[in-house]
Amino acid sequence: MARINENYLKLQAGYLFPEIGRRVSAFVAANPDKKVIRMGIGDVTKPLVPSVTKAFHEGVNEMANAETFRGYGPEQGYAFLREAIAKNDYRDRGIDIPADDIFISDGSKCDTGNIQEIFGHDNKVGICDPVYPVYADTTVMSGKTDGFDAGYYKGIIYMPCTKENGFIPEFPAETPDLIFLCFPNNPTGAVATKEELKKWVDYARKNKSIILYDAAYEAFITEENIPHSIYEIEGAKEVAIEFRSFSKTAGFTGTRCAFTVVPRELKAYDSAGKAHPVKPLWNRRQTTKFNGVSYPVQKAAAAVYTPEGKKEIAEVIAYYLENARIMKESLAAQGYEVFGGVNAPYVWVRTKNNMSSWEFFDKVLNEANVVGTPGSGFGPAGEGYFRFSAFADRESTVEAMERIKNMK
Ligand SMILES: *Cc1c(COP(=O)(O)O)cnc(C)c1O
């Protein structure tokens, strides 16, 4: 008799985006003449930039030629890409991360989920509330929770991120062994300063915890004194894994390329309290279960670091950030409390009159024909908030704000 992994039965139904999809489809079916503007799901809309596309094509041509054809590549990624990352994302910022400690993958979603495999199921996991839903769901799948109550999985340590604490979590009452942090944050758009991040690194060092640092939106940071990498903080290499992705940085959501840094200094402990380096475990996991990212995609990703690539990508990011600025300004002028949008492609809005996130979703969909994301879908502390994404085109962004202004 085949038995299922019962941890999957603990997952709550109605994952956020399918539910949004259902409501939008129903609205469109009932109102076929209405033009719906989608500012919900966190997906980019601009095409790959020319230098990336050029390298992508070159990679494909190499694969079509007997002399330059490549079969299986290194599971950890090609050296040319790992070196480019080590230089541009780290060395040029004064951080020494050897290319060897960088693992190329097909996505940060996969990596932030898969990383749990190399840690014991008895770890207590700390997760910000609200946040990207993948951390909580993969914690459930890996068997670290038991039951669900009032929006919370029992066994997860939730760390509320609210207006009161500037959307930066405080140390929870119970100490987590694994701590998911995401800055710039999805959905709140909040960033942690060096001082704030240092507190967490020191906390992890003191408690022998590990920080799982998701910096998928690093490229959107515009302000000074905001760390682009957790390794800008002294001692972080001993306590942090960093996840980065080309998805939002360079429009790779459909192309698929990301990377994870597991520093050689990072250690975790066995049941006898003996320290073990984590990197060999991740290397073993990847070499066993992953066969690398396709060569043309890695070629395309490396082009992100060429002078032309950098320039072209900066223009795309500036375009999205200008959308965010327009939304922020318009919503603030309409009397909404607005957060984020400066170092992130998300604007986080407080609903008026304590309206719930889903009520506001339905109102915005029905009256303005605009789709956003209910804050409560990212965790109970997101209730009463709403996320607008800056990834739509300029015209739609302006029009959406105008329509929201005209709501009853
Ligand atoms: C979009 C996003 C990612 C990127 O995931 P990929 O699998 O690399 O596309 C990672 N983390 C957060 C918080 C995100 O919003």
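What follows is a chat between a first-year student and an author about a predicted model.

Reader: Hi! Can we start with the ligand: how many residues surround it?

Author: Sure. In this predicted model, 14 residues surround the ligand, and the closest are Asp214, Tyr217, Ser245, Ser247 and Lys248.

Reader: And which polar side-chain atoms lie 2.6 Å from an oxygen atom of the ligand?

Author: Tyr217 has a side-chain N or O atom 2.6 Å from an oxygen atom of the ligand. Ser247 has a polar side-chain atom that also lies 2.6 Å from a ligand oxygen. For Lys248, the distance from a side-chain N or O atom to an oxygen of the ligand is 3.3 Å.

Reader: Ok, how much of the ligand does the protein cover?

Author: On its own the ligand has 390 Å² of accessible area, and the protein covers 94% of that.

Reader: Which elements give two or more residues to that shell?

Author: Helix H4 (108-114) and helix H7 (246-250) do. By type, the shell residues divide into five nonpolar, five polar and four charged.

Reader: Cool. New topic: how many salt bridges are there in the whole structure?

Author: A search finds 26 of them. One joins the side chains of Asp101 and Arg264, with 2.8 Å from N to O. That pair links distant parts of the chain, 163 residues apart.

Reader: Where do those two sit?

Author: Asp101 is in the loop between helix H3 (79-90) and strand S2 (102-105), while Arg264 is in the loop between strand S10 (258-261) and strand S11 (267-269).

Reader: Are they buried or exposed?

Author: Asp101 is buried, because its relative accessible area is 1% and the cut-off for buried is under 20%. Arg264 counts as partly exposed, at 40% relative accessibility.

Reader: What about a salt bridge in a helix, say the one Lys198 forms?

Author: Lys198 pairs with Asp202, and their closest N and O atoms are 2.7 Å apart. Both are in helix H6 (residues 194-207), and because they are four residues apart, about one helical turn separates them.

Reader: Why does a spacing of four places matter for which way residues point?

Author: An α-helix has 3.6 residues a turn, so residues three or four places apart point the same way.

Reader: Nice. How exposed are Lys198 and Asp202?

Author: Lys198 is partly exposed, with a relative accessible area of 42%. Asp202 is partly exposed too, at 33%.

Reader: Which residue does Glu367 form a salt bridge with?

Author: That's Lys363, with the closest N and O atoms 3.2 Å apart. Glu367 and Lys363 are both in helix H11, four residues apart, which is about one turn of the helix. Glu367 counts as partly exposed, at 34% relative accessibility.

Reader: Which residues are linked in a network of salt bridges?

Author: Glu19, Arg22, Arg23 and Asp362 are.

Reader: Switching again. Where does Thr351 lie?

Author: You'll find Thr351 in the loop between strand S14 (346-350) and helix H11 (357-368).

Reader: Is Thr351 buried or exposed?

Author: Buried, because its relative accessibility is 6%.

Reader: So what does Thr351 touch?

Author: Leaving out residues up to four places away in sequence, Thr351 touches Ser356, Phe360, Gly384 and Tyr385. A polar atom of the Thr351 side chain also lies 2.6 Å from the backbone oxygen of Met355.

Reader: And how far is Gly335 from Thr351?

Author: They're 16 residues apart in sequence, and 9.9 Å apart in space from C-alpha to C-alpha.

Reader: Last one: why is helix H5 largely enclosed by the rest of the structure?

Author: Because six of the eight residues of helix H5 (residues 134-141) are buried. The buried ones are Val134, Tyr135, Ala136, Thr138, Thr139 and Val140.

Reader: What covers them?

Author: The cover includes H4, strand S3 (125-129), strand S5 (152-153), strand S6 (156-160), strand S7 (178-182) and strand S8 (210-214).

Reader: And what follows H5?

Author: Gly143 does, and its phi is positive, near 85°.

Methods: Residues are numbered from 1 along each chain as its sequence is written. This is a predicted model: local features need pLDDT of at least 70, side-chain atom pairs count only at pLDDT 80 or more; totals for chains, interfaces and linings use all residues. Side-chain values use heavy atoms; hydrogens and water are left out. Buried means under 20% relative accessible area, exposed over 50%, partly exposed in between (1.4 Å probe, protein chains only). A polar contact is a pair of N or O atoms within 3.5 Å; within protein, one must be able to donate a hydrogen and the other to accept it, and residues adjacent in sequence count only if both atoms are side-chain atoms. Contact means heavy atoms within 4.5 Å. A salt bridge is a side-chain nitrogen of Lys or Arg within 4 Å of a carboxyl oxygen of Asp or Glu. A residue is near a molecule or strand if one of its heavy atoms lies within 4 Å of it. Accessible areas come from the Shrake-Rupley method with a 1.4 Å probe; for residues, only the protein chains shown count as cover. Ala, Val, Leu, Ile, Met, Phe, Trp, Tyr, Cys and Pro count as nonpolar, Asp, Glu, Lys and Arg as charged, and the others, Gly among them, as polar.
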